[in-house]
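I opened this notebook to keep a record of what I looked up in one structure, entry by entry. The topics are cysteines, aromatic rings, enclosed space and backbone angles.

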Amino acid sequence: MKYGDILSNQIRVKTSKAGGSGTVIYSQERLGGFHSYAITCHHVIDDAITVRDEWDPRVGRQRKKEYRQLVTTEFFDWAASPHGHRPLTSSIDAEVVAYDKNHDMALLKLRMVKAAQAVAELYPPAAIEELQVGDAVVACGCALLHDPILTHGYITHMGDEIDYKLYWMGSANIIFGNSGGSVFVSREGGHAFIGIPSRIDVAGWGTPITHLSYFSPISRVYEFFDEQLYHFLIPGHSHTEEDCEAERAERQSDEQRRLLVDTPTTGSE
């Protein structure tokens with residue numbers, strides 16, 4: 001299949017109220033099983049995150065506590081389906097392990113112990129400056145929550161800032177449901193992931209202009225991984241998954257210590 005390397009790494013992401021797309025970006029053996037991760041948009045999984053004010057007896061006051069529901073991810077298997085028929089699907093729960101509303105990104109850890117059937121190749125960090133306006137791209141995602149849809153186009157603009165974040169624009173048509181999916185360029189006989197579709201231009205009374213599609217570029221995806229201490233997902237990075245787990249645990253401990261130190265004692269003003 002000419003685009004099998006793209007179609008096979010795409011997933012449909014569903015919460016109790018919304019849905020969109022995602023891309024499997026990592027699946028490596030660890031501790032007798034496999035750890036697999038997918039990237040999507042924050043707004044796709046936003047309603048899976050709830051923040052409540054609850055009493056914390058450790059600090060003797062109300063504080064915000066976050067709850068994250070599992071989301072459903074659906075995989076597509078074209079090889080197991082007769083020619084001309086829809087792909088077989090299977091579903092797997094996933095945890096929201098990291099997110100950033102400003103980046104409009106979320107990282108999902110798939111609850112599976114086997115290797116993912118396909119993993120997207122991420123565009124190399126050192127080669128990002130080679131990408132230019134006019135490069136041919138393929139967008140893919142579960143448009144209107146359909147099975148993954150392929151559309152072709154070009155990088156049409158680079159450097160727009162929306163809500164203080166960098167976005168690129170492509171002419172490959174996307175629509176609602178593509179959010180969280182992928183934009184690829186051809187590279188060495190395959191396709192390399194260069195961004196996440198997240199928004200489209202609108203005209204008049206909110207009419208979507210599907211060929212004016214914005215995506216979060218791969219440089220900002222790597223920025224998100226760095227900020228969330230998931231460096232091991234960046235190609236060529238020296239950190240291991242274990243290293244990153246230790247960094248995140250240390251950060252959490254530091255934040256808890258600061259919380260206890262900054263909390264007034266009972267009866268103080």
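The entries below follow the order in which I went through these topics.

**Entry 1: cysteines.** I note at the outset that the model is a predicted one, and that everything here is to be read as computed from it. How many disulfides does a search of the whole structure find? The search returned zero. I then took Cys142 as a case to follow up, and found that the closest cysteine sulfur to its own belongs to Cys140, at 7.3 Å, which is too far for a bond. The cut-off for a disulfide is 2.5 Å between the sulfur atoms, so the pair does not qualify at 7.3 Å. On exposure, Cys142 has a relative accessible area of 0% and is therefore buried, and Cys244 is likewise buried, with a value of 0%.

**Entry 2: aromatic pairs.** I searched for paired rings next, and the structure holds eleven aromatic pairs. One of them joins Phe76 and Trp78, whose ring centres are 6.0 Å apart and whose planes meet at 40°, so I logged the pair as tilted. Phe76 has a relative accessibility of 1%, and so it counts as buried. A second pair that I wrote down is that of Tyr222 and Phe225, with centres 6.5 Å apart and planes at 50°, which makes this pair tilted as well. Where in the fold do Tyr222 and Phe225 lie? Both belong to helix 3, residues 218–227, and they are three residues apart, about one turn of the helix. Both Tyr222 and Phe225 are buried.

**Entry 3: a cluster, and charges over rings.** Beyond single pairs, I found that Tyr26, Tyr37, Tyr230 and Phe232 make up one aromatic cluster. Tyr230 came up again when I looked for charges over rings, since the charged end of Arg248 sits over its ring at 3.9 Å from the centre. I also recorded Arg52, which lies over the face of Tyr67, with a distance of 4.9 Å to the ring centre.

**Entry 4: the largest pocket.** I asked for the volume of the largest pocket and obtained about 850 Å³. Its lining is made up of 21 residues, and those that lie nearest the centre of the pocket are Glu66, Arg68, Gln252, Glu255 and Gln256. Two or more lining residues come from each of strand 4 (49–56), strand 5 (61–68), strand 7 (88–100) and helix 4 (241–262). Which element gives the most to this lining? Helix 4 does, with seven residues. Sorted by character, the lining of the largest pocket has eleven charged residues, seven nonpolar and three polar.

**Entry 5: the cavity.** I then turned to enclosed space, where a search of the whole structure finds one cavity of 30 Å³ or more. The volume of the largest cavity is about 50 Å³. Its lining consists of Val137, Ala139, Gly170, Ala172, Ile174, Val183, Pro197, Ser213, Tyr214 and Phe215. Strand 10 (136–141) and strand 15 (207–217) each supply at least two of the lining residues, and strand 15 has the largest share, with three. How do the lining residues of the largest cavity divide by character? I counted eight as nonpolar, two as polar and none as charged.

**Entry 6: Val185.** I looked up Val185 separately and placed it in strand 13, residues 182–187. With a relative accessible area of 5%, Val185 is buried. I also took the separation of its C-alpha atom from that of Ala249, which is 64 residues away along the chain, and the value is 36 Å.

**Entry 7: positive phi.** For the backbone I kept in mind that most residues other than glycine have a negative phi. Leu145 has a phi near 65°, a positive value in a residue that is not glycine, and it lies in the loop between strand 10 and strand 11 (149–162). Its relative accessibility is 35%, so Leu145 counts as partly exposed. Asp163 also has a positive phi, of about 50°, although it is not a glycine, and I found it in the loop between strand 11 and strand 12 (165–170). Is Asp163 buried or exposed? Its relative accessible area is 57%, so Asp163 is exposed.

Key
Residues are numbered from 1 along each chain as its sequence is written. This is a predicted model: local features need pLDDT of at least 70, side-chain atom pairs count only at pLDDT 80 or more; totals for chains, interfaces and linings use all residues. Side-chain values use heavy atoms; hydrogens and water are left out. Buried means under 20% relative accessible area, exposed over 50%, partly exposed in between (1.4 Å probe, protein chains only). Rings of Phe, Tyr and Trp (its six-membered ring) pair if their centres lie within 6.5 Å; planes under 30 degrees apart count as stacked, over 60 as edge-to-face and the rest as tilted. Helices (H or I, at least four residues) and strands (E, at least two) are DSSP runs, numbered from the N terminus. A charge sits over a ring if NZ of Lys or CZ of Arg is within 6 Å of the ring centre and within 35 degrees of the ring normal. On a 1 Å grid over the protein atoms alone, a cavity is a set of points where a 1.4 Å probe fits but cannot get out, and a pocket is an open set with protein on both sides within 12 Å along at least five of seven lines; lining residues have an atom within 4 Å of a point. Grid points are joined across faces, edges and corners, and a volume is the space filled by probe spheres set on the points. Ala, Val, Leu, Ile, Met, Phe, Trp, Tyr, Cys and Pro count as nonpolar, Asp, Glu, Lys and Arg as charged, and the others, Gly among them, as polar.
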